[in-house]
Amino acid sequence: MRRLFVLIGLLAALALPAPAAAHVPTHPCSVSVDPSRGSRSDVYRITGTHFPLPVSGPSLEVQIDIMRVVFDDNGERLEIKSIMWLSLIPGGHTFYVDYPDQAEGATRLKPGHYVVGVETPHQKGCRTVTGFDVVRR
């Protein structure tokens, strides 16, 4: 008799959808930059997709680090160009940011390879990296 109740309980638990799991992205978070290679005056669109829902609070905080790879006498190092913070709208899994921001005035980027790192600093579940190249034209 006890086995029958356990079996019925197990079937009921499997039949009911899990509300939190229904909204979790099925792919790992990712980031891309378009164009991946461009000129010093281009605007580079950084797009993040498949970010998790926030565990606590109404929105997910995302940190974007943009660094330029510099080669000097001591070897290579990363020169931090920009750090941005975003709060995704509640239930949002994607974002995009234009770099450099045209609202702040047109700036010309230095030629080189740039590394874009994106993470959710207050929540485990997402850390991803990509890059883009700025060439002289």
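## Starting from Ser82

If you skip its neighbours within four places in sequence, Ser82 is in contact with Ile64, Asp65, Ile66 and Tyr99. That's a handy place to begin, but keep in mind that what you're looking at is a predicted model. Ser82 itself sits in strand S5, which covers residues 75-87. Is Ser82 buried or exposed? Its relative accessibility is 15%, and because buried means under 20%, Ser82 counts as buried.

Now zoom out for a moment. The protein's secondary structure comes to 1 helix and 8 strands. Follow the chain from the N terminus and you meet the elements in the order α-β-β-β-β-β-β-β-β. Of the 137 residues in the protein, 31% are buried. As for who touches whom, take the contacts with a separation of 6 or more: 58% of them are accounted for by residues 24 or more positions apart. On the outside, the accessible surface comes to about 9200 Å², and carbon and sulfur atoms own 57% of that.

Let's head inside. The largest nonpolar core has 22 residues, and Phe51, Ile64 and Phe132 are the ones with the most contacts inside it. Which strands feed this core with at least two residues each? They are S1 (30-34), S3 (44-49), S4 (61-72), S6 (95-99), S7 (112-119) and S8 (127-135). Ile64 may ring a bell here, since Ile64 is also one of the residues in contact with Ser82.

Phe132 deserves a stop of its own. The structure holds 3 aromatic pairs. One of the pairs joins Tyr44 and Phe132, stacked at 4.5 Å centre to centre with 25 degrees between the planes. This pair links distant parts of the chain: Tyr44 lies in strand S3 and Phe132 in strand S8, 88 residues apart. Both Tyr44 and Phe132 are buried.

Phe132 has another ring partner, too. Tyr114 and Phe132 also form a stacked pair, with 5.1 Å from centre to centre and 5 degrees between the planes. Here the link runs from Tyr114 in strand S7 to Phe132 in strand S8, 18 residues apart. How buried are these two? Tyr114 has a relative accessible area of 0%, so Tyr114 is buried. Phe132 comes in at 1% relative accessibility, so Phe132 counts as buried as well. Put the ring pairs together and you get a cluster made of Tyr44, Tyr114 and Phe132.

Note on methods
Residues numbered from 1 in each chain as written. Predicted model: local features only at pLDDT ≥ 70, side-chain atom pairs only at ≥ 80, totals over all residues. Heavy atoms only, no water. Helix = DSSP H or I, 4+ residues; strand = E, 2+ residues; numbered from the N terminus. Buried < 20%, exposed > 50% of the residue type's maximum accessible area, 1.4 Å probe, protein only. Contact = heavy atoms within 4.5 Å. Core = buried A, V, L, I, M, F, W, Y, C linked by side-chain atoms within 4.5 Å. Phe/Tyr/Trp six-rings, centres within 6.5 Å; stacked < 30°, edge-to-face > 60°. Areas by Shrake-Rupley, 256 points an atom, 1.4 Å probe, with all protein chains shown as cover.
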